[in-house]
Amino acid sequence: MKRIVVASGKGGTGKTTISAGLQYTAPQYYGKPATLMDFDVEEPNDHLFFNNLDLLKSSAVTLPVPVINKEKCTYCGKCKEACAFNAITLIPKAGIAEISTDLCHSCGACLVVCKDDALDELFHPIGEVNTFGKDQTIILKEGRLEVGLPHQTAVIRDMKKRHLPDTDLAIFDAPPGTSCPVVTTLEDADYVIVVAEPSPFGLNDLKLLVEVIKDIKLPFGVVINKAGTGNNDMEDYLKKEKIEIVSKIPFNREIAEAYSNASIQEIAAHKEMDKHLKHIWNHIKKKTA
Amino acid sequence: MREITVISGKGGAGKTTITGALTSLLNKPVITDCDVDAADLYLLLQPEVQETHTFPGGAKAIINQQLCVNCRKCINHCRFDALHYNEDGVLAVNDYKCEGCGLCKNICPANAIEMVQEFSNRWYVSITRYGSMIHAHMKPGEENSGKLVTKLRDAARKKADENQASFIINDGPPGIGCAAIASVTGTDMVVMVIEASKSGFHDFKRAQTLVDSFKTPIVAVINKHDINKTLTAEIEKYLGELNIPLLAKIPFDKNLVDATTQALTYPEYQPDDAITESLKNIVTYLQKPENYEKKQAQSAS
């Protein structure tokens with residue numbers, strides 16, 4: 001399966017519009033259906049863009065967190081020493097032997113050092129993966145982190161391990177930024193479409209993301225969205241760095257209004273948008289052939 | 001001293017623009033850029049760095065090839081798939097995948113693995129034309145963003161004491177994950193910027209659930225309200241039902257982007273227009289002590 005990641009350093013540049021638009025137009029411009037994967041697990045909103053989707057399946061995402069069996073624990077302290085995340089509290093005199101679910105990274109380091117066989121892993125729910133579609137045909141899968149938990153990367157990993165679709169191609173809608181969850185979404189991409197808006201904030205965050213993508217050595221091109229707002233610094237930068245501009249979508253109030261209603265049908269039907277989606281697909285076909 | 005955090009759930013809703021505006025309308029606040037992942041506020045405020053500090057990132061595994069006996073134990077036990085044999089048949093670590101947990105070091109029978117702490121994150125204490133600013137440069141792909149945000153907020157509180165500042169303004173990150181949690185916990189009030197779109201409303205509700213879990217008072221600003229009037233009415237109704245004060249409605253206006261291209265906060269760019277007037281409303285509200293008491297009583301009940 002080919003993986004196309006749609007990413008952006010800054011939030012709100014149009015990642016979701018492009019991702020959903022590519023999924024929607026895949027049969028027409030790619031010749032085959034594609035599955036949309038919403039990896040923005042903190043704020044998954046791709047499903048809003050499709051009308052009347054059925055929730056076909058909902059699977060829990062769990063994180064195995066060890067618990068200490070106090071009957072077996074000898075308070076030797078080896079697990080606490082091995083834990084790089086300070087998740088383990090041991091107070092022998094008070095009989096306290098605990099592991100914090102919020103701090104635990106579920107790495108298993110404590111398990112391999114325990115000589116007393118005093119650790120068992122319990123599965124904690126940290127989110128869910130929802131599969132949406134129509135008439136049993138899968139259109140999109142989203143990861144959804146439970147509010148208040150810091151385990152966004154673990155949800156993304158679970159999606160990649162257990163929930164990849166069986167279509168020939170998938171569109172990965174990445175979270176914004178450049179931190180760990182973004183890299184986890186990016187790392188096995190066949191091609192990356194970077195969406196950027198030509199404002200000073202947009203350019204600053206584009207540069208940060210380009211740094212990461214170059215470091216992981218992934219092929220990529222940039223879609224400039226809302227062209228005509230801001231200034232020309234972004235194009236100057238891309239020219240200087242010899243980065244390919246895939247498409248330049250001008251700012252258009254009608255598209256902005258269609259976006260606010262979250263209807264991909266309406267967005268993709270807009271002449272200007274249709275033209276650019278076709279263009280982006282041609283680019284992807286060429287780059288992944 | 002009051003500590004205010006600006007968040008939105010959705011990215012690109014207008015957090016940094018609103019934060020910049022508040023900064024220039026308040027009297028010498030301390031400003032923290034908690035969006036350490038994609039820090040943009042410095043573009044508006046042009047800070048002059050006075051102090052530079054390092055902040056430890058995660059540790060990374062390093063393999064001593066001379067000692068490695070190729071038993072593959074580390075590969076089999078690593079839960080992050082961070083170890084593999086490269087094209088030259090040599091055991092290698094993928095730094096982006098390595099969580100720095102040290103399991104491989106503990107399990108290696110040949111003592112061939114060492115954990116090395118990264119120190120590539122920097123944080124700064126700076127001065128701007130409006131007051132002190134605490135900000136950071138985080139190495140991309142880093143996962144300690146929550147801890148770094150906590151560090152920045154500690155530094156901001158110290159600076160605010162020193163400056164006798166009445167306000168700390170935190171520009172928050174998008175999302176609701178570890179960096180957002182670290183930005184919101186323990187603040188006196190949260191300003192939520194809601195983009196008038198279905199995505200903006202959906203993402204706001206998740207962020208609101210997070211803030212409610214800390215029982216922190218919330219006030220709201222609707223951005224780009226004229227892009228979708230029907231939805232804006234729906235958002236207003238929702239806020240009304242929850243007694244969340246709506247302090248400003250900002251239209252979609254090209255001037256808002258133009259101000260940033262000139263490295264100006266909005267009130268500097270358009271000191272007398274209607275948008276600046278509504279931004280002043282937010283400041284007036286934040287300056288009234290009773291607004292904090294009232295909300296606290298409400299959340300206690």
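This report describes the two chains of a predicted model, their secondary structure and the contact between them.

## Overall dimensions and composition

The secondary structure of chain A comprises ten helices and eleven strands, while chain B holds twelve helices and 13 strands. The table sets out the extent, burial and contact range of each chain.

| Chain | Residues | Span of the C-alpha trace along the principal axes | Buried residues | Share of contacts (separation of 6 or more) between residues 24 or more positions apart |
|---|---|---|---|---|
| Chain A | 289 residues | about 70 × 45 × 35 Å | 52% | 75% |
| Chain B | 301 residues | about 70 × 40 × 40 Å | 52% | 77% |

## The contact between chains A and B

The two chains meet through 51 residues of chain A and 50 residues of chain B. On the side of chain A that touches chain B, five helices each supply at least two residues: H3 (109-113), H4 (152-162), H5 (180-186), H6 (200-216) and H8 (253-260). H6(A) provides the largest share of this side, with eight residues. By class, the residues that chain A brings to the contact comprise 22 nonpolar, 22 polar and seven charged.

## Chain A: helix H4 and the strands around it

Helix H4 of chain A, one of the helices that touch chain B, is mostly covered, with eight of its eleven residues buried. These buried residues run through Gln152(A), Thr153(A), Ala154(A), Val155(A), Ile156(A), Arg157(A), Asp158(A) and Met159(A). They pack against four strands of chain A, namely E2 (35-38), E3 (54-68), E6 (119-134) and E7 (137-145), and also against helix H5 of chain A.

Three of the strands in that list are linked to one another by bridges. E3(A) and E6(A) run antiparallel and are joined by 14 bridges. Within this pairing, Thr62(A) has Pro125(A) of E6(A) opposite to it. E6(A) is in turn joined to E7(A) by eight bridges, again in an antiparallel arrangement. Here Gly133(A) stands opposite Ile138(A) of E7(A). E6(A) and E7(A) form a hairpin with two residues between the strands, and in this hairpin Asp135(A) adopts a positive phi near 50 degrees.

## Chain B: the nine-stranded sheet

Chain B contains an open sheet of nine strands with mixed pairing, in the order E3-E8-E9-E2-E10-E1-E11-E12-E13. Strands E3 (48-55) and E13 (246-250) of chain B each have a single partner strand and therefore stand at the edges, with one side of each lacking a neighbour in the sheet. From one strand to the next, the twist averages 20 degrees.

Among the pairings in this sheet is that of E2(B), residues 30-33, with E10(B), residues 167-171; the two strands run parallel and share four bridges. At one of the positions in this pairing, Asp33(B) has Asp171(B) as its bridge partner in E10(B).

## Chain B: helices against the sheet and against each other

Two helices of chain B lie across strands of this sheet. Helix H1(B) lies across E1 (2-7), E2, E10, E11 (189-195) and E12 (218-223) of chain B, and runs at about 165 degrees to E10(B). Helix H7(B), residues 198-213, lies across E1, E11 and E12 of chain B, and runs at about 165 degrees to E11(B).

H1(B), residues 15-25, also packs against helix H11(B), residues 274-287, at an angle of about 70 degrees and with the axes 10 Å apart. This angle is why H1(B) is described as roughly perpendicular to H11(B). The crossing of the two helices is right-handed. H1(B) contributes Ala21(B), Leu22(B) and Leu25(B) to the contact, and H11(B) contributes Leu279(B), Lys280(B), Ile282(B) and Val283(B). By class, the contact between H1(B) and H11(B) consists of six nonpolar residues and one charged residue, with no polar residues.

## Summary

In chain A, the buried residues of H4(A) pack against strands that include E3(A), E6(A) and E7(A). In chain B, H1(B) lies across strands of the sheet and packs against H11(B). The chains themselves meet through 51 residues of chain A and 50 residues of chain B, and H6(A) supplies the largest share on the side of chain A.

How values were computed: Residues numbered from 1 in each chain as written. Chains lettered and ligands numbered in written order. Predicted model: local features only at pLDDT ≥ 70, side-chain atom pairs only at ≥ 80, totals over all residues. Contact = placed C-beta atoms within 7 Å. Nonpolar A, V, L, I, M, F, W, Y, C, P; charged D, E, K, R; others polar. Axes fitted to C-alpha atoms, helices over the stretch in contact; angles between N-to-C directions. Parallel < 35°, antiparallel > 145°, perpendicular 65-115°, else oblique. Left-handed = near helix turned anticlockwise from the far one by under 90°. Buried ≥ 20, exposed ≤ 12 C-beta atoms within 10 Å, placed from the backbone. Pairing = 2+ DSSP bridges.
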